[in-house]
Amino acid sequence: MSVKIIQPGILSLVQDAGRFGKHSIGLTNGGPLDRLSFAWANRLLDNDSNACVIEASIGGLVLESQVDTQIAITGGDATLSINQIPINSWQSYSIKSGDKISFGFAQNATRHYIAVKGGFNLAPMFDSCATVVREKLGGLNGTALQAGDIIPCASFSLNDTSQHKVNLIDRPSYTGDITLRVILGYQQSTFSNLDKARFFNNTFTLSDKCDRMGFRLSGPEISSELHTKQGGMLSEGICYGAIQVPADGQPIVLLNDRQTIGGYPKIGSVFSLDIPKLTQRLPGSTIHFEAISMDEAQRQLHLAQYRYQHAQLHTI
Amino acid sequence: MRIEVAGENSLILYFGETTAPEISAKVQRASKKLSAALGDVIIDQVTSYASLLLIFDPLAIDQYAVRKIIHKTLGADESSTNENSASESSTLVELPVYYSEESGPELSLISKNSGLSIEEIITLHQSLTYRVYAIGFAPGFAFLGQVDERIASPRLSTPRLKVPRGAVGIADRQTAIYPDVSPGGWNLIGLCPTRMFDPNSTPHMPVSVGDEVRFKGISKDEFLALGGEIGDYQ
């Protein structure tokens, strides 16, 4: 009762919503780099919202099902097939034991979420199955998936073969320039008005130094008075999306596998709803920043939650 | 106390700007009181040297309600002077260390820079009781402070690619034990056989933030008998 990894692809990791409440022993969150696509993959199969899926980055993943079940793939734009027959993302499919699911390679949107009916069944570590390779926690053995890995999941009878898809209007789009909304915070007052203007009025490029800990951007140099202060600053807690600016002036957006504390000045944090716009994309993408207030961000979160809950799946 | 916005659902509370036991104690007390006062709306907290990061559920509460509860809960603590004992309710943990040039490749470097003998460095490292100021960087990595000024040493200009599990290091006036094999730039002075992070045992760590730690020198035989291993330094 399982799914077998034939080819792991570029980077495939088991993820649930993430590991929370464990910062006191130094554990980070892990979890999906694109929370909305993750949520839809589970919802297409009527799974628990925290069910385990596979996050496949870029592509190249090949899986073989050893059960009859349903699957759904959301997120990235790699071509997909079941037994060489092309299928669509954002849609549920019934599959049989022996069926092979193959991923091509992403063009623009790089993170894919593969859910199975009922979710993958793995033993949680610290209340979560989220894989954080750096911490050797989650997934099968705290590592990325490898060829030959067997991930347990339940079998489902296929009496109800109705399929669902996410309406186009409810799917995120990952093309064009990226605008990231930023809540100013932390050491923002140590960045001069000129540096803030430079930060918000210029274009940054996504560098090739991007991983699940953080995405490094390149652009005009942004400086904080703390860069030249004797002794710098004390290390402190880092929240999701925090924008750290080390002495080289090049911002780093800290993500799911970030270290929980750090001592570089931060200008603020990227609004979580915008993080998938960044984490889905490839190096070389163009990025702008736009300031929003904490209150506006919270209103947007409530609206997004309302829209997600009231969105209807399309039944085929 | 000063409150700053950190992100869409987090506030960071600053209790000072220096490494001091009284400030760290304030952070610890605030963390405990706010956990009780805010309950389930808190998703996580990070306590560090002089700050407390509070992450709340933005669908359940907003910053104004959180700020109100912070002021109500901590208002009294801020004005009281008697509650400032740094060691209240902290545990003293003794950790064994095998100090030697074999297990501490930077002992000779610190000796060269400080003019102290290797024996003096080892004695000075054991002479103080340290406080756990923060846990982070890696699971179970506890930042302890502060070491005697004479043995304070800046991070290595080129970090090691591989530091073995249990390595005891110094960076500026901080000292710490690497809980697992990892890259790292601290000056290594010895090896500790105690597991600093074990996902399979409870508690997962021998120390928590706010605890006190003393180091006790042991021989190589004792180190090996306690299950220590001399790993790779690269």
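## A pair of residues to start from

Let's begin with one small detail: B:Ile42 has B:Phe56, a residue of strand E4(B), as its bridge partner. This is a predicted model, so it helps to know how confident the predictor is. For chain B the mean pLDDT is 93, with 94% of the residues at 70 or more. The complex as a whole receives an ipTM of 0.96 and a pTM of 0.94 from the predictor. Keep one caution in mind: where pLDDT is low, the coordinates should not be read in detail.

## The sheet in chain B

Now let's widen the view. Strands E3(B) and E4(B), the latter spanning residues 51-56, pair in the antiparallel sense through five bridges. They belong to an open sheet of four strands in chain B, which run in the order E1-E2-E4-E3 with antiparallel pairing. Why is one side of E1 and of E3 in chain B left without a neighbour in the sheet? Strand E1 (2-7) and strand E3 (42-47) of chain B stand at the edges and each has a single partner strand, so one side of each stays free of a neighbour there. From one strand to the next, the twist averages 20°.

Helix H1 of chain B, residues 21-38, packs on this sheet and touches strands E2 (10-14), E3 and E4 of chain B. The directions of H1(B) and E3(B) make an angle of about 175°.

## The nonpolar core

The largest nonpolar core contains 147 residues. Among those with the most contacts inside it are A:Val53, A:Ala41, B:Leu54 and B:Val97. In soluble globular proteins, nonpolar side chains tend to be buried together.

Which residues does A:Val53 touch, leaving aside neighbours within four places in sequence? Its contacts include A:Phe38, A:Ala41, A:Tyr113 and A:Ile114, as well as A:Gln15 and A:Asn42.

Conventions. Residues numbered from 1 in each chain as written. Chains lettered and ligands numbered in written order. Predicted model: local features only at pLDDT ≥ 70, side-chain atom pairs only at ≥ 80, totals over all residues. Pairing = 2+ DSSP bridges. Helix = DSSP H or I, 4+ residues; strand = E, 2+ residues; numbered from the N terminus. Axes fitted to C-alpha atoms, helices over the stretch in contact; angles between N-to-C directions. Contact = placed C-beta atoms within 7 Å. pLDDT = per-residue confidence, 0-100. Core = buried A, V, L, I, M, F, W, Y, C linked by C-beta atoms within 7 Å. Buried ≥ 20, exposed ≤ 12 C-beta atoms within 10 Å, placed from the backbone.
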